[in-house]
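Student: I have a model open and would like to talk it through with you. Could we go element by element?

Tutor: Happy to, let us take a look together.

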Amino acid sequence: MPADPRDLYLELLKGCLTRYIWDETLRPYEVPAWGGPIRRWMKRRIVKVLRGRGMVPYERVAIDRHTREIGRDWPADAETMIGMRRLNNIQECVETVIRENIPGDLVETGVWRGGASIFMRAVLAAYGDTTRKVWCADSFRGLPNPNLVDYPADEAARWHERPELAVSIETVKRNFARYGLLDEQVEFLEGWFKDTLPDAPIERCALIRLDGDMYESTMDALNSLYAKLSPGGFLIVDDYGIPEDTCRRAIHDFRDVHGISEPIVDIDGWGAYWRRSS
């Protein structure tokens with residue numbers, strides 16, 4: 001039997017969004033430990049000057065497909081860093097809500113370069129679903145400084161010091177447009193979650209994907225959105241298994257307070273999800 005064109009399209013898109021199908025990838029250049037001392041000094045000096053001017057030197061290296069499959073690196077040139085398995089999970093969840101007619105839109109909180117949200121929109125397009133929207137919630141300027149008064153669990157969080165996590169809304173929109181998926185079914189909520197999500201015009205959610213890393217960001221999203229998640233809908237947590245992230249604690253605190261008992265299912269050692277039963 002010929003392959004379903006929808007599957008062919010979505011498999012190709014996953015490979016493109018992650019650059020998994022490329023032979024090479026880019027990574028920030030690091031001065032090697034070998035070579036003459038003068039040459040190493042000169043290279044370090046050049047790299048320092050370039051970075052001081054806001055330029056990051058890169059080098060081409062062979063792609064490690066296993067690492068890219070499970071989303072353990074930060075691609076310099078891809079629209080997403082979550083890897084193939086977490087994209088597979090998104091596909092399975094979105095296909096399920098379409099097949100079973102679970103009411104609601106698709107929401108991602110923390111979109112980086114937009115890859116996961118782009119893929120959500122692509123699944124809707126592949127199945128001809130014109131009734132749902134994809135909501136992209138992000139500050140589009142990186143993560144917030146930890147609010148230790150209200151969220152002491154974020155004491156060790158340093159994500160606000162990572163400038164590479166600050167991707168402008170214009171860049172994300174260009175990435176959507178690159179794949180022909182920037183249209184009226186895509187909505188953007190620009191700002192901190194605490195400011196944008198409580199009054200967001202989202203009536204129902206069929207899928208919520210959390211990628212806020214921090215306790216505060218995760219709790220803000222859960223407090224505003226979980227009550228809107230339809231029975232049969234999915235809650236995906238991108239950072240659940242990452243030791244340095246505090247979102248796992250927020251997930252368990254929220255579940256305990258609200259008596260949520262649905263089993264949490266591992267995706268790839270980092271990402272996890274559960275399906276709301278009631």
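Student: Let us start with helix H9, residues 247–258. What span should its twelve residues have at 1.5 Å a residue, and how far apart are its end C-alpha atoms?

Tutor: Keep in mind that this is a predicted model. At 1.5 Å a residue, the twelve residues of H9 should span 16 Å. That agrees with the model, where the end C-alpha atoms are 17 Å apart.

Student: Which residues of H9 are buried, and how wide an arc do they cover around the axis?

Tutor: The buried residues in H9 are Cys247, Ala250, Ile251, Phe254 and Arg255. They lie on the same side of H9, because the arc they cover around the axis is only 130°.

Student: Which exposed residues sit on the face of H9 turned away from that buried side? And what covers the buried residues?

Tutor: Turn the helix around, and the face away from the buried side shows the exposed residues Arg249, Asp256 and Val257. On the buried side, the cover includes E6, H8, E7 and E9.

Student: Which residue follows H9, and is its phi positive or negative?

Tutor: Step past the end of H9 and you reach glycine 259. Its phi is near 65°, so the sign is positive.

Student: Cys247 makes me wonder about sulfur pairs. How many disulfides does a search of the whole structure find?

Tutor: For cysteine 247, the nearest cysteine sulfur belongs to cysteine 93 and is 16 Å away. A disulfide would need the two sulfur atoms within 2.5 Å. For cysteine 93 in turn, the nearest cysteine sulfur is that of cysteine 205, 14 Å away. The number of disulfides found in the whole structure is zero.

Student: Are cysteine 93 and cysteine 247 buried or exposed?

Tutor: Cysteine 93 has 2% relative accessibility, and cysteine 247 has 0%. The cut-off is under 20%, so cysteine 93 counts as buried, and cysteine 247 also counts as buried.

Student: Now the sheet. How many strands form it, and in what order?

Tutor: The sheet is open, with mixed pairing. Strand E5 (186–190) and strand E8 (265–266) stand at its edges, each with a single partner strand, so one side of each has no neighbour in the sheet. Seven strands form the sheet, in the order E5-E4-E3-E6-E7-E9-E8.

Student: Which residues stand opposite phenylalanine 234 of E7, in E6 and in E9?

Tutor: E7 (residues 229–237) is joined by five bridges to E6 (residues 205–210), running parallel, and by four bridges to E9 (residues 272–275), running antiparallel. On the E6 side, phenylalanine 234 faces leucine 207. On the E9 side, the residue opposite is arginine 275.

Student: How many of the nine residues of E7 are buried? And is the crossover from E6 to E7 right-handed or left-handed?

Tutor: E7 is mostly covered, and the buried count is eight of nine. The chain goes from E6 through helix H8 (residues 215–225) to E7, and this β-α-β crossover is right-handed.

Student: Two serines in H8 caught my eye. Which residues do serine 217 and serine 224 touch, beyond their neighbours within four places in sequence?

Tutor: Serine 217 lies in H8 and is buried at 7% relative accessible area. Serine 224 is also placed in H8 and counts as buried at 17% relative accessibility. Setting those sequence neighbours aside, serine 217 contacts Pro144, Phe193 and Gly212, while serine 224 touches Leu197 and Pro198.

Student: Over at E5, which residue is the bridge partner of aspartate 138?

Tutor: E4 (residues 134–138) and E5 run parallel and are joined by five bridges. Together with helix H6 (residues 169–178), these strands make a right-handed β-α-β unit. The partner of aspartate 138 in E5 is glutamate 190.

Student: One last helix, H4. How many of its 17 residues are buried?

Tutor: H4 (residues 83–99) should span 24 Å, and its end C-alpha atoms are 25 Å apart, which agrees. Just after H4, asparagine 101 takes a positive phi of about 55°. The helix is largely enclosed by the rest of the structure, because its buried residues number 13 of 17.

Technical notes
Residues are numbered from 1 along each chain as its sequence is written. This is a predicted model: local features need pLDDT of at least 70, side-chain atom pairs count only at pLDDT 80 or more; totals for chains, interfaces and linings use all residues. Side-chain values use heavy atoms; hydrogens and water are left out. The expected span of a helix is 1.5 Å times one less than its number of residues. Buried means under 20% relative accessible area, exposed over 50%, partly exposed in between (1.4 Å probe, protein chains only). Two strands pair if DSSP finds at least two bridges between them. A crossover is right-handed if, with the strands pointing away from the viewer, the path from the first strand over the helix to the second runs clockwise. The arc is that of the directions from the helix axis to the C-beta atoms. Contact means heavy atoms within 4.5 Å.
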